[in-house]
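I opened the notebook to follow one residue outward into its surroundings, and then to look at the packing elsewhere in the chain.

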Amino acid sequence: MFVFGSSLVDNGNNNFLPNSIAKVDYFPYGIDFPLGPSGRFTNGRNVIDILGQRLNLPTYIPPFSDPSTKGSKIVNGVNFASGGSGILDNTGALAGNVISLNQQIRNFEEVTLPELGMQLGERSTGILSQFLFVVGSGGNDYSLNYFLGNNNVSVEAFTANLTTTLSNQLKRMYGLGARKFVLMAINPNGCSPMATASIPTSNSCVQSLNRAAHMFNAQLKDLVVAIRPQMPGSNLVFVNSYKIIRDIIRFPISRGFRNVSNSCCEVTKRSEGGTGILCKRGGTVCANRSEYVFFDGLHPTEAVNVVIATKAFTSYLKTEVYPFNVKQLSEI
């Protein structure tokens, strides 16, 4: 697996970035992870870790920015994702130093590909077609860019630009040898504690954020069909994590969840000079983490990640994975 995107799939790249505010290399992050706080934006495993286990990969996918990610360590894949980053280069400037999706692709092309060639010899050219290229980006382009008021365009025009940019980035990966793609939807960020805290009088989700995510996801789902003629021999799967999380929030009890609106960890509020997203360093944390949807102000718990990854891998519902699931993609 090669992994690109933002904090929902970042396995610790930002730990190694100087001047990045989007770092989670501290407790209570990783409280349920075997290696402790690792830079994953959750209490335990993220979706990538669980997918890797379903695919029987022998180890966790190593983060690109870790100096020890080299040699034989890269033969099962590398994670390039960076929390706070987006599809657009200017997304995430708020978070200080982050690695944009374009830069992640350059890192793959300029550093990892040559190194893979040295590890695998002539096998390396054909072997890329067997890797899954997972892309999970776009949420920050709204929350850390568009909705900060940086853009004098309609949300429709912004979304169209976003999906066009992403389709060009997918074609770049295809040109480098990628053939199997897993595209992750944007989550219903309007339901996150960070978003709902901005309207304390209401218990409902912030519709403007969810409407934007929904619009992007609809175009992303269309893209998996529309782009294939331009990328012969490719297969793409759309994972509708938006719907999967929305269903948990609507019907939590039947899925084993009890708290759909609060963050499990103590979050530094905006009024306290925080972002309203990240857990307070060494702050309090809920005991019944498997019953919570959100670990911090934005990111899901491991329990939710298990649901998303399991459905991505095995679901036969086209509303959840389209046009087929990740297991079927891996067997092509």
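In the loop between which strand and which helix is Arg40 found? Working from a predicted model, I placed Arg40 in the loop between strand S1 (2-5) and helix H1 (47-54).

**Entry on Arg40.** I next looked up whether Arg40 is buried or exposed. Its relative accessibility is 6%, and because buried means under 20%, Arg40 counts as buried. I then listed what Arg40 touches, leaving out residues up to four places away in sequence, and noted Asp10, Asn11, Val24, Tyr29, Phe33, Asn46, Asp49 and Tyr60. Within the loop, I found a polar contact of 2.9 Å between the side chain of Arg40 and the side chain of Ser38.

**Entry on H1.** Two of the residues on that list, Asn46 and Asp49, led me to helix H1. Asn46 caps the N-terminal end of H1, with a side-chain oxygen 3.1 Å from the backbone nitrogen of Ile48, while Asp49 is one of the buried residues of the helix, together with Val47, Ile48, Ile50, Leu51 and Gly52. Since six of the eight residues of H1 are buried, I recorded the helix as largely enclosed by the rest of the structure. Looking for what covers these buried residues, I noted that the cover includes S1, strand S2 (78-79), strand S3 (132-136), strand S4 (180-184), helix H9 (302-314) and helix H10 (326-331). After H1 comes Asn56, for which I read a positive phi, near 60°.

**Entry on the cores.** The largest nonpolar core has 44 residues, and I noted that Phe2, Phe4, Phe133, Tyr142, Leu170 and Phe181 touch the most other members. Among the elements that each supply at least two residues of this core are S1, S3, S4, helix H5 (155-175) and strand S5 (235-239). I also noted a second, separate core of 34 residues, which includes Val9, Ile61, Ile245 and Ile308. Returning to Leu170, I found that among the residues it touches, not counting those up to four places away in sequence, are Phe181, Leu223 and Leu236.

**Entry on S5.** Which residues of S5 point one way and which the other? Asn235, Val237 and Val239 point one way, Leu236 and Phe238 point the other way, and all are buried. On pairing, I noted that five bridges join S4 to S5 in a parallel arrangement, with Lys180 opposite Asn235, whereas S5 and strand S8 (residues 321-322) run antiparallel and are joined by two bridges, with Val239 opposite Val321.

Notes: Residues are numbered from 1 along each chain as its sequence is written. This is a predicted model: local features need pLDDT of at least 70, side-chain atom pairs count only at pLDDT 80 or more; totals for chains, interfaces and linings use all residues. Side-chain values use heavy atoms; hydrogens and water are left out. Helices (H or I, at least four residues) and strands (E, at least two) are DSSP runs, numbered from the N terminus. Buried means under 20% relative accessible area, exposed over 50%, partly exposed in between (1.4 Å probe, protein chains only). A polar contact is a pair of N or O atoms within 3.5 Å; within protein, one must be able to donate a hydrogen and the other to accept it, and residues adjacent in sequence count only if both atoms are side-chain atoms. Contact means heavy atoms within 4.5 Å. A nonpolar core is a set of buried Ala, Val, Leu, Ile, Met, Phe, Trp, Tyr and Cys residues joined through side-chain atoms within 4.5 Å. Two strands pair if DSSP finds at least two bridges between them.
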